[in-house]
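Welcome, and please open your viewer so that we can walk through this model together. At each stop you will hear what to select and what to look for.

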Amino acid sequence: MLLSIQNLTVRYGADTVLSIQSPIEIAEGDRVGVIGSNGAGKTTLIKSILGLVPYQGIIKTGLKPEQMAVHMQFNEYTDSMPVKYIMEAILGRKISRDKKLQELIFFFEFEDCLRKKYTKLSGGQKQRFTIILVMMQNAELTFYDEVTSGLDFETRQKLVEKLVEWYQGKDASFLMVSHYYEELDQLADKLLILDKGHVIDYGRREELFRRYCGRAVIIVGNTEKNMTILSEYEKLASPAHLIAMSCESEEKENRIVRLLLENDINYKRSNNDIEMLYINAKARADMTGATVHSAGKEKYAK
Amino acid sequence: MQNKSKNKRLISGQMLLFEFRNTIGNPYVHIFGVGMPVLMMIIITRAVAGEMPEGPMLSATMTSIFLGIGALIPMATIFMGYGVAHAQELEKGIPQRLELFGIQISVTLCNRILSEIIFMSIAFVIYFVAGYGFAEVESPSVSGALLYMVCILVLSIILFCLSHAIASLLKKFGATYCVTMILYFAQMILGGMMGISYDNMPSPMQVAAKLLPVTYINRDFYTVWKGEHYNFVPMVQSYLLMGAVTGILLFVTVRKERRELH
């Protein structure tokens, strides 16, 4: 076990911004995606683990601070010199003499940026700069806080592709905060769902998906025609423009699919859609007024 | 973890070079730390030369002015320059970012103070070249030169710690700029560098002036420079007082900035 959190409370003045009651454990090799809307406590969680905000409770880890690396939401560096020198100072080595560093620079296509000052880099280049430094730390546990926020779609996709490629076959653990579910789809195997400073749930993606969405979901566009055709099926919570149905059994799934094909309706089938998982976990927590994680998972075991 | 062990060295070539680039990238230090003392020294010594007859009295006065204005260099390059730059970095979260990369604050501080002292030494070389070129500066005794170096060096270290504490406590560029600027001019005025000499000050001002090391550097250092007998006790006391105030502020800063780690 790399890290465990229990009875954690973080307060900013009179406001409790994060409260984690049931234990959260991160084991070696875990790749945890942290999701939740703004103000859910995602960044505060990272900051409390790193000791950057005062907290009450227990955060247990055998890791030393230098064994944890972090890509913060906002990373700033001095602008009085080209980033090459900043990189060399932070890593304590010359780029020309370090093969691994050269490979990383090449991997993230950063060679042409080395002579530039930090403020002259584009958003994507800035993110890649910090990622190179973070990866060179070769830390046991890495935190990525909204690593692609503020980037355009293409740059975001490219960066995530690079991260996926980099972590392929590696045993490193990380905790990644993101608002983009497709990123976590490619990178995370566990999810921590936060809402208004509380944990809705934490666990393996497949388990959580089954808990909130069933074996699989079928998603179609939200039109009057589709609503009429599918009226007999119970709906899951979904974004306003979609209709989602849970398929608890293969038989039910076949029935729905047949119906959709007969009516020539386009559909999407998924057994791991993070967005659907999040929406339904949040809807259930809102409905019950209690967080699943703190209220006991057995409540929703069915 | 290879890079971590390298960063654990208190002083390293790469970090020193990094901090030096950081120091020279700050425009304040060039304007206030190099340009202003040289300009002030030239203008004031020229003004004095116009009003005094040639002779040993003139060169003694010029040397005294030259030594006093020299104290502006650590005050501008280190006290104001570093304080303002550090506040700017704090606003952007740069020191914390470096710490999260495993670079301890002690490493950053040691390399920074060394780089500031290197820059200050270069500023002094320029100042001395200008001084010997434009003013009649008398040659020092060996002990006088050494003591001047020691006094400036100790003052620089105290000023570095003081500006670090001020910036760390205020955390904002504007507030730090304001406070360091006020203290900078207060030291210049009370030190007798702005037209009113110590002897012409009203007595409450003299009390405050006596507490500052710059007063002694500006008023008395000609005696030390020439190797003549000098009572160092008041000067040492002023250094101790400034050091103690700085120490308390630094202690508060360190306690406030400490990370709560598991």
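The tour below starts with the whole of chain A, moves through its strands, and then turns to chain B.

**Stop 1: chain A as a whole**

Keep in mind that this is a predicted model. Select chain A and show its C-alpha trace, which spans about 65 × 45 × 35 Å along its principal axes. Switch to a cartoon view and you will find eleven helices and 14 strands. Of the 302 residues in chain A, 41% count as buried. Contacts also reach across the sequence: among those between residues at least 6 apart, 70% join residues at least 24 apart.

**Stop 2: strand β1 and its partners**

Now select residues 3–12 of chain A, which form strand β1. Add β2, residues 15–20 of chain A; β1(A) and β2(A) pair in the antiparallel sense over five bridges. To see one place where they line up, pick Thr9(A), which stands opposite Ser19(A) in β2(A). These two strands make a hairpin with two residues between them, and there Gly13(A) has a positive phi near 65 degrees.

Next, bring in β3, residues 24–26 of chain A, which pairs with β1(A) in the antiparallel sense over three bridges. Then add β5, residues 56–61 of chain A, which runs antiparallel to β1(A) and is joined to it by five bridges. Which residue of β3(A) does Ile5(A) stand opposite? Click on Ile24(A) to find that partner of Ile5(A). Ile5(A) also stands opposite Ile59(A) in β5(A).

**Stop 3: a four-stranded open sheet**

Move further along chain A and select β11, β12, β13 and β14. They form an open sheet in the order β12-β13-β11-β14, with antiparallel pairing. At the edges are β12 (235–236) and β14 (268–270) of chain A; each has a single partner strand, so one side of each has no neighbour in the sheet.

Zoom in on β11 (residues 216–221) and β13 (residues 242–247) of chain A, an antiparallel pair with six bridges. Select Leu242(A), which lies in strand β13 of chain A. Its bridge partner is Gly221(A). Try the distance tool here: Leu242(A) and Gly221(A) are 21 residues apart in sequence, yet 4.6 Å apart in space, C-alpha to C-alpha. Setting aside residues up to four places away in sequence, Leu242(A) touches Ile219(A), Gly221(A) and Asn222(A). Is Leu242(A) buried or partly exposed? Leu242(A) counts as partly exposed because it has 17 C-beta neighbours inside 10 Å.

**Stop 4: where the two chains meet**

Show both chains and colour the contact, which takes 27 residues from chain B and 29 residues from chain A. On the side of chain B that touches chain A, the elements giving two or more residues are α1 (2–7), α2 (13–24), α5 and α6 (94–100) of chain B. The largest share, five residues, comes from α2(B). By class, this side of chain B has nine nonpolar, ten polar and eight charged residues.

**Stop 5: two helices in chain B**

Finally, select α3 (residues 27–51) and α5 (residues 72–92) of chain B, which pack at an angle of about 170 degrees with their axes 8 Å apart. That angle makes α3(B) roughly antiparallel to α5(B). Show side chains where they meet: α3(B) offers residues including Tyr28(B), Phe32(B) and Met36(B), while α5(B) brings Leu72(B), Ile73(B) and Met80(B), among others. The residues of this contact divide into ten nonpolar, three polar and no charged.

Terms used:
Residues are numbered from 1 along each chain as its sequence is written. Chains are lettered from A and ligands numbered from 1 in the order in which they are written. This is a predicted model: local features need pLDDT of at least 70, side-chain atom pairs count only at pLDDT 80 or more; totals for chains, interfaces and linings use all residues. Axes are lines fitted to C-alpha atoms, for helices over the stretch in contact, and angles run from 0 to 180 degrees between N-to-C directions. Angles under 35 degrees count as roughly parallel, over 145 as roughly antiparallel, 65 to 115 as roughly perpendicular and the rest as oblique. Two residues are in contact if their C-beta atoms, placed from the backbone, lie within 7 Å. Ala, Val, Leu, Ile, Met, Phe, Trp, Tyr, Cys and Pro count as nonpolar, Asp, Glu, Lys and Arg as charged, and the others, Gly among them, as polar. Two strands pair if DSSP finds at least two bridges between them. A residue is buried if 20 or more other C-beta atoms lie within 10 Å of its own, exposed if 12 or fewer, and partly exposed in between; C-beta atoms are placed from the backbone.
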